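Here is a short tour of one protein model. Take a look at the sequence and structure, then read on.

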Amino acid sequence: MDFKLSVVMAVYNKGDYVAQTIDSLINQSLNFKNNIQLILVNDKSTDNTLDVLERYQKEYPENILLFNNEKNMGPSYSRNLGLKHVEAKYVNFLDSDDIISKDAFKAAYDFLETHHEVDIVSIPIYYFGVKRGPHSLNFKFEKDQIIDLTENPNYIQLSGASSFFRFEKLKKFHFNENLRVSEDVVVINKMLLENPKIGFLSRPKYYYRKEGTQNSLISSSANTKSYFTSRMDEYFLNLIYYSRDESNRIPKFIQYVVMYDMQWILEIKFIDHLLSKEEIKTLYEKIQEILTYIDEDVILNQMTIPANLKAHIILIKRHGWYYLMDTADIVDDFKMETLFIDNFMFLNDHEIRIEGIL
């Protein structure tokens, strides 16, 4: 291999930010020109992204490869294309509007070179922009450590951008091109099914940009139909079925991954502007199927899910959506209404009298 690490970066309309991202690579304490390959895939950007990428490619022709998709194909296609040209022992998928700390690549390289028992090492995420502060899963990074997910299943890993992969192990997998969000979660956890040991580094930092605009795939995804359709099949059920086929069970850490990410769907109250009645009914059926594979203790132990939502999820798991209604017609009669409560009184152990406006 010609380089120690490769970065495969899918780029779409990030002309305002991508120079700052690339600079954070060039300024790594691990010398960029001697050690790091950058594979840029421009996903048919319509702003000045290509101009910025071409400028860097001309400045570092030995380190930077640049590919241009003929049409917008999504991050999975772009990453799969980039992986075909990796010439390094380890791979990262830094997002094109984020920043990585100066010590990250050297720390990750040294860790993977020392600890051959792990194929993935990750660093903590900190938000910047309109939202600031640590990611809710940063408890994993209190110290440099190797975690066996069979023993600590709540130490889940979701982000490919903040992780470094042993390419020899990664290259047997590919990103699902039917997914435009969460495609990295599936690949990471299929790798972890083969080797559930993962490394965590405490000192380096991954800075995740949070803007108030809808330019981010993650922030805008909940307003698209695919967030509620393809993710159910290609992410949640795909990972569950793959786990079942590979190990004849659904390991706890896979259950934690699915439950953590499905909470964002379950907390959304209105989706009839995106899905038809039939599609909503199908969505409900798939949610109920997924919950059959998730143990109740996994639901209860989720740190980011509020108690009332946990109760809602467990009631769905135990009784189906029918617990919410008096009739059996799921689509027509299930509506999330707002109740303004003026007064309530416990009548006995089983009854509450509520006064208010519906």
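This is a predicted model. The tour begins with one residue, Gln157, which sits in the loop between strand S9 (145-148) and strand S10 (163-166). Is Gln157 buried or exposed? Its relative accessible area is 3%. Buried means under 20%, so Gln157 counts as buried. Its side chain makes a polar contact of 3.0 Å with the side chain of Lys140. Beyond residues up to four places away in sequence, Gln157 touches Ser122, Lys140, Ser162, Ser163, Ile188, Asn189, Ile198 and Phe200.

**Helix H7**

Two of those partners, Ile188 and Asn189, are among the buried residues of helix H7. H7 spans residues 183-194. Eleven of its twelve residues are buried, so the rest of the structure largely encloses this helix. The buried residues are Glu183, Asp184, Val185, Val186, Val187, Ile188, Asn189, Lys190, Met191, Leu192 and Leu193. The list includes charged residue types such as Glu183, Asp184 and Lys190.

**Helix H9**

Leu193 of H7 leads to another helix. Which residues does Ser243 contact, leaving aside its neighbours within four places in sequence? They are Leu193, Asn248, Arg249, Ile250, Pro251 and Ile254. Ser243 lies in helix H9 (residues 230-247). Its relative accessible area is 0%, so Ser243 is buried. Asp245 lies in H9 too. Asp245, however, has a relative accessible area of 57%. Exposed means over 50%, so Asp245 is exposed.

**Two loops with positive phi**

Most residues other than glycine have a negative phi. Asn13 has a phi near 50°, a positive value, and is not a glycine. Lys44 also has a positive phi, of about 55°, and is not a glycine either. Asn13 is in the loop between strand S1 (3-11) and helix H1 (18-26). Lys44 is in the loop between strand S2 (36-42) and helix H3 (49-59). Asn13 is buried, because its relative accessibility is 15%. Lys44 is partly exposed, because its relative accessible area is 43%.

How far apart in space are Asp245 and Lys44, C-alpha to C-alpha? The distance is 37 Å, and 201 residues separate the two in sequence.

**Asn42, in strand S2**

Asn42 is found in strand S2. At 4% relative accessibility, Asn42 is buried. Its C-alpha atom is 8.6 Å from that of Asn13, although the two residues are 29 apart along the chain. The side chains of Asn42 and Asn68 make a polar contact of 2.9 Å. Leaving aside neighbours within four places in sequence, Asn42 is in contact with Val11, Thr49, Leu50, Leu53, Phe67, Asn68 and Asn69.

The residues discussed one by one can be set side by side.

| Residue | Relative accessible area | State |
|---|---|---|
| Gln157 | 3% | buried |
| Asn13 | 15% | buried |
| Lys44 | 43% | partly exposed |
| Asn42 | 4% | buried |
| Ser243 | 0% | buried |
| Asp245 | 57% | exposed |

**What covers helix H1**

Which residues of H1 are buried? They are Val18, Thr21, Ile22, Ser24, Leu25 and Ile26. Their cover includes both strands and helices. The strands include S1, S2 and strand S5 (99-100). The helices include helix H2 (32-35), H3 and helix H5 (104-114).

**The whole protein**

Now step back. The protein has 14 helices and 14 strands. Buried residues make up 51% of its 358 residues. How does its radius of gyration fit a compact globule? A compact globule with 358 residues would have a radius of gyration near 21 Å. The protein has 22 Å, which agrees. Along the principal axes, its C-alpha atoms fill a box of roughly 75 × 45 × 35 Å.

Contacts reach across the sequence. Among those between residues at least 6 apart, 76% join residues at least 24 apart.

The surface comes next. The protein exposes about 17600 Å². Carbon and sulfur atoms supply 48% of that area. As for charge, there are 41 positive and 52 negative charges. Their mean positions are 4 Å apart.

Note on methods
Residues numbered from 1 in each chain as written. Predicted model: local features only at pLDDT ≥ 70, side-chain atom pairs only at ≥ 80, totals over all residues. Heavy atoms only, no water. Helix = DSSP H or I, 4+ residues; strand = E, 2+ residues; numbered from the N terminus. Rg over C-alpha atoms; globule rule 2.2 N^0.38 Å. Buried < 20%, exposed > 50% of the residue type's maximum accessible area, 1.4 Å probe, protein only. Contact = heavy atoms within 4.5 Å. Areas by Shrake-Rupley, 256 points an atom, 1.4 Å probe, with all protein chains shown as cover. Charge placed at Lys NZ, Arg CZ, Asp CG, Glu CD. Polar contact = N/O pair within 3.5 Å; in protein donor to acceptor, adjacent residues only side chain to side chain.
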